[in-house]
Structure formats: C-alpha cells, structure tokens
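Take a moment with the sequence and the fold before reading on. We will go from the whole chain down to single residues.

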Amino acid sequence: MSETLGLDPVLLEILACPSPDHAPVLPDPERGLLVCTVCGRGFPVRDGIPVMLLDEAIPPDGD
Ligand SMILES: [Zn+2]
C-alpha cells in the first residue's frame with residue numbers, strides 16, 4: 001500500500017469530507033483509510049475508489 005493508498009495526489013487534494021465540515025482528508029496507509037482532518041472520520045478506499053459517504057465512514061477513535 002502506498003502513502004497515497006494508490007490514489008492520484010491531485011484527486012486527494014480535491015477530496016473533502018462529506019460531513020458539514022467539508023474538511024480535507026489525509027491518507028492513513030496503516031488503516032487504508034482517508035481520514036478527515038477535522039472530524040476524524042475514516043473513509044475506505046475500495047478498488048482504488050474513495051468511498052466518501054457518511055454511511056460508510058468509520059467513526060474516529062476514542063469518544
Ligand atoms: Zn469531517
């Protein structure tokens with residue numbers, strides 16, 4: 001797994017969290033997720049396609 005989860009860096013720059021914060025997301029290669037920089041939700045990448053859906057989001061660690 002690469003640092004960008006196999007995603008185009010340009011695509012990564014335009015992706016935003018679907019929650020009201022609309023914040024940038026950063027790849028987390030260890031978890032294979034794109035993680036929101038504000039709310040901490042993780043979004044899976046399936047077959048090289050980021051799944052930017054709140055229904056599919058993994059809640060942040062902790063409370
Ligand atoms: Zn967010």
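What percentage of the 63 residues of the protein count as buried? The figure is 14%. Keep in mind that this is a predicted model.

Begin with the parts list. The protein has one helix and four strands. Read from the N terminus, the elements run α-β-β-β-β. The radius of gyration is 11 Å, close to the 11 Å that the globule rule gives for 63 residues, so the protein is as compact as a globular protein of that length. Along its principal axes, the C-alpha trace spans about 30 × 20 × 20 Å. Now look at contacts between residues with a separation of 6 or more. Of these, 23% join residues 24 or more positions apart.

Next, the sheet. Strands of a sheet pair through backbone hydrogen bonds, either parallel or antiparallel. Which sense do we have here, parallel or antiparallel? The pairing is antiparallel, and the four strands form an open sheet in the order S1-S2-S3-S4. Strand S1 (25-28) and strand S4 (49-50) are the edge strands. Each of them pairs on one side only.

Walk across the sheet from S1. It pairs with strand S2, residues 33-36, in the antiparallel sense over four bridges. Two facing pairs help you find the place. Leu26 has Val35 in S2 as its bridge partner, and Pro27 stands opposite Leu34 in S2. The hairpin of S1 and S2 has four residues between the strands. Gly32 in this hairpin takes a positive phi near 70°.

Step on to strand S3, residues 42-46. S2 and S3 pair in the antiparallel sense over three bridges. Here Leu33 stands opposite Pro44 in S3, while Leu34 stands opposite Phe43 in S3. Leu34 therefore links two steps of the walk: Pro27 is opposite Leu34 in S2, and Phe43 in S3 is opposite Leu34 too. S2 and S3 form a hairpin with five residues between them. In its turn, Gly40 has a positive phi of about 80°.The last step leads to S4. S3 and S4 pair in the antiparallel sense over two bridges. Arg46 stands opposite Ile49 in S4. How many residues lie between S3 and S4 in their hairpin? There are two, and Asp47 in the turn has a positive phi of about 50°.

Now turn to the core. The largest nonpolar core has seven residues: Cys17, Val25, Leu33, Leu34, Cys36, Phe43 and Ala57. Which strand gives the largest share of this core? S2 does, with three residues.

Phe43 is a good residue to follow from here. Leave out residues up to four places away in sequence. Phe43 then touches Val25, Leu33, Leu34, Pro50, Val51, Met52, Glu56 and Ala57. Val25, Leu33, Leu34 and Ala57 on that list also belong to the largest nonpolar core.

Two further residues are worth a stop. One is Val45, in strand S3. Is Val45 buried or partly exposed? Val45 has 18 other C-beta atoms within 10 Å, and a residue needs 20 or more to be buried. Because 18 falls short of that cut-off, Val45 is partly exposed. Not counting residues up to four places away in sequence, Val45 touches Leu5, Leu7, Gly32, Leu34 and Pro50. Gly32 takes the positive phi in the hairpin of S1 and S2. Val45 and Leu11 are 34 residues apart in sequence, and their C-alpha atoms are 13 Å apart in space.

The other stop is Leu15. Where does Leu15 lie? Leu15 is in the loop between helix H1 (9-14) and S1. With 17 other C-beta atoms within 10 Å, Leu15 is partly exposed. Leaving aside neighbours within four places in sequence, Leu15 is in contact with Val25, Leu34, Pro50 and Met52. Phe43 touches these four residues as well. Leu15 and Cys36 are 21 residues apart in sequence, yet 9.9 Å apart in space, C-alpha to C-alpha.

Definitions and conventions. Residues are numbered from 1 along each chain as its sequence is written. This is a predicted model: local features need pLDDT of at least 70, side-chain atom pairs count only at pLDDT 80 or more; totals for chains, interfaces and linings use all residues. Two strands pair if DSSP finds at least two bridges between them. The radius of gyration is taken over C-alpha atoms; the globule rule is 2.2 Å times the number of residues to the power 0.38. A residue is buried if 20 or more other C-beta atoms lie within 10 Å of its own, exposed if 12 or fewer, and partly exposed in between; C-beta atoms are placed from the backbone. Two residues are in contact if their C-beta atoms, placed from the backbone, lie within 7 Å. A nonpolar core is a set of buried Ala, Val, Leu, Ile, Met, Phe, Trp, Tyr and Cys residues joined through C-beta atoms within 7 Å.
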